[in-house]
Amino acid sequence: MKRFRFNQQEIVFVVFAALFLAFSIFLNGFLTADNMLTLLQNVAVLGILGLAMAIVVIGRGIDLSLIATLAVPGGLVLQMVQNGHSLPASLLAAGLLSIAIGLVNGWLIAYAEVPPLFATLATGLFVAGLGQAALFQLDVVQWSDGMAGFERLGQGSILGIPTSIVMFAIACLVVFVLLRRTRWGAYIYAIGDNPFAARVTGIPSRPIVVLQYVLAALIGCFAGLVMAASVNSMPTRIFNSTLIYDVILVVVLGGIGLSGGRGGVVNVIIGTLLIGTMLNGMTILNIPYAGQNLIKGVVLLIAVITDTFLNPRNEETAQQGDI
Amino acid sequence: MLRAHQFACGIIAGLSFTSVAVPALAQQGLDEPFQKSFREALAGKTVAYVPVAMNFDLTEGWYAGLKKELEPYGVKFEIRDPNWNTNAGAQAVTSLISEKPAVMVIHNPDVQTYAKLLQRAENEGIYVIQINMGSAYRSSAFVGANWIEIGERQTEGVVKACEGKSNKIAVIQGALSAAASAYTLKGVENVLAKHPEIKVVSSQAADWDAAKAKAITQTVLKQNPDLCGIVGFWDGMDIGTAAAIKEAGLTGKVFLATSGGGERKGACELVKNGSFDLDMSYDVPTQAAQMAGTIKWLLSSGAKPGSIKGSEYTTLIPITKDNADSQTACWNLSDLKK
């Protein structure tokens, strides 16, 4: 007989549902269609980044250079247009730069066999430094006239739904199809579950690892463009912020284990919704910043502790490569 | 008669000759007694510059302005960029003390961290000029904005725009740890104390981050669509605030006051396109010129470092639609660097 057990994904969903219910009942103006759209819009970029991180984490890696690939290629587009280049040429340059970052990450991890934590930490620092030293005149790259029209990627709405939510939805769909409907996706799961078994069965595991990081970098670049369009500028200093922890939080909270091979797009959506609900509710309540961090930390701890109690680790379930 | 006439002509001619001849005598030149010692006092001296970070309009503008003013006199420039890292900054200041530059230009990250170090520097015979963010130690000179005044004048602008409207306002602060943000908030409170009719529906910190400012503003506007004004603490961050107002279709209905260094793309252009209604500018080139002037004065005075102390608070330029088009309200970083 199968014992009924909550896994982390369900626990987080229950926490999310409880919070959502509490806010809906006690908080005036929370449960309105407008506020729901705002809630989603505020976490759309975080969600897109979560998807990029999910691909890598499912393949038993981690990508700490993600915020640099959000900031630098996106900033490059704005800077090049400001310097008089055409928008398509700038977008192409940004795309190539992202692919290059992904290739370097992938090569370091798959072929040079550097642990992903260190490889991506270093490339992230390198890319951010490159942007600051060689590419940008100022940390905040301003919007210029040549970008006219491009702000529609992050502002305004399509059929009444804010564009950034639509972009998140498109990214979800693409990543879902990739992970669940293509052979490459199946390979990523196989490598994440057991890299040695995957290699023995003939899966081209090294090229697939490179592919993971290239995809993550491209999605990161896309998230950067949506963000830049939404705030009409690119604050490249975001690399120094704690955004990367929020991205990892979304992924892990949603139930994608850092040991790889488990989870998918749904987990990212659940993680994103939980963070979005917390942020939105606390902003409406006008809770001071320090208090917000405290509450975020407590909710995270509750989710993690509950998971540990309900699903204790043992020798059999613990996997190598756990962080 | 004819004689008399000729005589008169002769006198006039003679007079005009003398009037030409007198300056001709002075062409030997006169030595100005103080310029030589001034040049000697500056030549070969080192000025060390420690901003909180390079690569943003304020610190790049100060650097370019100082260089332009002082390098022609043979002043050497040294720059230490702690890149937002307070510890790295404190280390840079410590190592500079042992290198003994003539002047240190210091942009404090907060009130406490450098205070003791700056006192030590002046005891060691280094002039310390603090810019835009002062520390608890008062050094030879402070050149910079008065954050309290900025907060007050921004809030006055918002309160005025709210007359006859809902009287609901929001405050988007910077980072909680930054003293500039806390000082500005004090200015906001000063004005609000005089206007009990104004209700602050939200006062949140957005960490100088445009994306966070946008998220907060969107949520606040959904809850309070009748909001009449927002006080933002930095124009680089309030691009996000403005984007939220625009997306809600409330441009022109919600009065947005902010502040910054007055760089054209970040200030005037955004006031012109309606993103900001008021941008209190502390005009970076003027600040740089005042710093350079203070350095020249201190070096040529021969005063003992720390023996005289003074402040030069920047006269603020309120940028609104009325002056956003003018050549002088804003400045271009690229031109300043030329």
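In the next few minutes I will talk about the contact between two chains, one helix pair in chain A and one strand pair in chain B. Please keep in mind throughout that what we are looking at is a predicted model.

Let me start where the chains meet: the contact draws on 29 residues from chain A and 27 residues from chain B. On the side of chain A that touches chain B, several elements each supply at least two residues, among them α2, α9 and α12, and the largest share, 5 residues, comes from α2(A). If we sort the residues on that side of chain A by character, we find 10 nonpolar, 17 polar and 2 charged.

Now let us stay with α2(A) and ask at what angle α2(A) and α6(A) pack. The angle is about 25 degrees, and the axes lie 8 Å apart; because angles under 35 degrees count as roughly parallel, α2(A) is roughly parallel to α6(A). The crossing of α2(A) and α6(A) is left-handed. In this contact, residues of α2(A) including Leu40(A), Val45(A) and Ile48(A) meet residues of α6(A) including Ile165(A), Phe168(A) and Val175(A), and the contact of α2(A) with α6(A) divides into 13 nonpolar residues, 3 polar and no charged.

Finally, turning to chain B, is strand β1(B) mostly covered or mostly uncovered? Strand β1(B), residues 46–50, is mostly covered, with 4 of its 5 residues buried. It runs parallel to β2(B), residues 76–79, and 4 bridges join the two strands; as one example of this pairing, Ala48(B) has Glu78(B) in β2(B) as its bridge partner.

Terms used:
Residues are numbered from 1 along each chain as its sequence is written. Chains are lettered from A and ligands numbered from 1 in the order in which they are written. This is a predicted model: local features need pLDDT of at least 70, side-chain atom pairs count only at pLDDT 80 or more; totals for chains, interfaces and linings use all residues. Two residues are in contact if their C-beta atoms, placed from the backbone, lie within 7 Å. Ala, Val, Leu, Ile, Met, Phe, Trp, Tyr, Cys and Pro count as nonpolar, Asp, Glu, Lys and Arg as charged, and the others, Gly among them, as polar. Axes are lines fitted to C-alpha atoms, for helices over the stretch in contact, and angles run from 0 to 180 degrees between N-to-C directions. Angles under 35 degrees count as roughly parallel, over 145 as roughly antiparallel, 65 to 115 as roughly perpendicular and the rest as oblique. A crossing is left-handed if the near helix is turned anticlockwise from the far one by less than a right angle, and right-handed if clockwise. A residue is buried if 20 or more other C-beta atoms lie within 10 Å of its own, exposed if 12 or fewer, and partly exposed in between; C-beta atoms are placed from the backbone. Two strands pair if DSSP finds at least two bridges between them.
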